[in-house]
Amino acid sequence: VSYEKDAKRKFKTERKNFEALFKNSSDAIAIVDSENKVLEVNEKFEKLFAYQQDEIKGKDIDSLIVSKDKIDEAKNFTELLFKDKVDSVETVRYDKYGNPKDIELKGIPILLDGKPVGGYASYTDISARKAFEKDILFMSYHDQLTGIYNRRYYEEKLKELDTEKNYPISLVMADLNGLKLANDAFGHSFGDKLLIKTAEILNNSLKGEEFVSRMGGDEFIIVLPNTSPEQLREYINNLSEEIYNTRIGTIDLSVSF
């Protein structure tokens, strides 16, 4: 009798602890049945995905927050969840209005006599971290001033493009003329305008897998896959004409190729 009382007391304590955790968790949590239908969600889930409890109760959770291209991934996660063989996965889910949410998804099965009767799905919002990682990745491959690719990107991308299907590959060195003189005469902010405008013109001249990188200082390099010497001459003639007709303030833009 004392054993049963202790067991009941323990069960009640654990249930209260779980309810407090479920209600106050910083993560969005959904409780689903063995058919992956929603039994209950916490307030954080309602806030993250913009669904009210009564809107989604009894509905397949994947049909609500999973995009078509992620359905197979979601089904696989659910299968592993009920087999107690899933840890966590970083993926994307969508709120009621179709807005994407970068989340870390964790699952815990609810077992009865060793058999799954449902599960807890926990969604941690990692949007801020993903945005930060995206910014870091962007900065690692882009020139801070002009926004075009940098030397690091050029060196890595050229290796990737160096395959027979891209031959012949044309490389163009482009030097902005008179940058030092402009900096000395009008200040570095004006010199920056010359660099930014040059980068803009070069970048807008590209198509497909063509790209331009700033190599540092006044030097740029343009990479043109599947471009013959004849095509290259035509490209440079057109580009030179556009640059010839460009002025920044009282200064004519001048680039040597």
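**Close-up views of the predicted model**

**View A. Lysine 101 lies in strand S4, which spans residues 100–112.** Strands (E, at least two residues) and helices (H or I, at least four residues) are DSSP runs numbered from the N terminus. The model is predicted, with pLDDT of at least 70 needed for local features and 80 or more for side-chain atom pairs, whereas totals for chains, interfaces and linings use all residues. Residues are numbered from 1 along each chain as its sequence is written, and side-chain values use heavy atoms, with hydrogens and water left out. Lysine 101 is buried but forms no salt bridge; buried means under 20% relative accessible area, exposed over 50% and partly exposed in between, with a 1.4 Å probe and protein chains only. A salt bridge requires a side-chain nitrogen of Lys or Arg within 4 Å of a carboxyl oxygen of Asp or Glu. The nearest side chain of opposite charge belongs to aspartate 95, at 4.0 Å (Lys and Arg count as positive, Asp and Glu as negative; His and the chain ends are not counted). Beyond four places in sequence, the contacts of lysine 101 (heavy atoms within 4.5 Å) include Leu48, Phe49, Arg93, Asp95 and Ser127.

**View B. Tyrosine 123 is part of strand S5, residues 115–125.** Tyrosine 123 counts as buried because its relative accessibility is 3%. Its C-alpha atom is 9.6 Å from that of glutamate 90, although the two residues are 33 apart along the chain. Among the residues that tyrosine 123 touches, leaving out those up to four places away in sequence, are Asp27, Phe45, Leu48, Ile61, Arg93, Ile103 and Leu105.

**View C. An open sheet of 5 strands follows the order S6-S8-S9-S7-S12, with mixed pairing.** S6 and strand S12 (255–256) occupy the edges with a single partner strand each, so one side of each has no neighbour in the sheet. Pairing requires at least two DSSP bridges between the strands. S7 and S12 are antiparallel over 2 bridges, and leucine 176 faces valine 255 in S12. S8 and S9 are joined antiparallel by 5 bridges, with valine 212 opposite isoleucine 222 in S9. The S8–S9 hairpin has 2 residues between its strands, and glycine 217 there adopts a positive phi near 60°. Strand S8 (residues 211–216) is largely enclosed by the rest of the structure, because 5 of its 6 residues are buried.

**View D. Asparagine 150 belongs to strand S6, residues 149–150.** S6 runs parallel to S8 and is joined to it by 2 bridges; asparagine 150 stands opposite arginine 214 in S8. Asparagine 150 counts as buried because its relative accessibility is 13%. Its side chain reaches the backbone nitrogen of arginine 152 at 3.3 Å. Residues touched by asparagine 150, apart from those up to four places away in sequence, include Met139, Tyr141, Asp143, Ser213 and Arg214.

**View E. In the largest nonpolar core, of 25 residues, Leu202, Phe220, Ile222 and Tyr235 touch the most other members.** Strand S7 (170–176), helix H8 (179–186), helix H9 (188–204), strand S9 (219–224) and helix H10 (229–244) each contribute at least two residues to this core. H9 supplies the largest share, 6 residues. A second, separate core holds 23 residues, including Phe45, Tyr51, Ala121 and Tyr123. A nonpolar core is a set of buried Ala, Val, Leu, Ile, Met, Phe, Trp, Tyr and Cys residues joined through side-chain atoms within 4.5 Å. Leaving aside neighbours within four places in sequence, phenylalanine 220 is in contact with residues including Ile148, Val172, Leu195, Leu202, Val212 and Met215.

Methods
A polar contact is a pair of N or O atoms within 3.5 Å; within protein, one must be able to donate a hydrogen and the other to accept it, and residues adjacent in sequence count only if both atoms are side-chain atoms.
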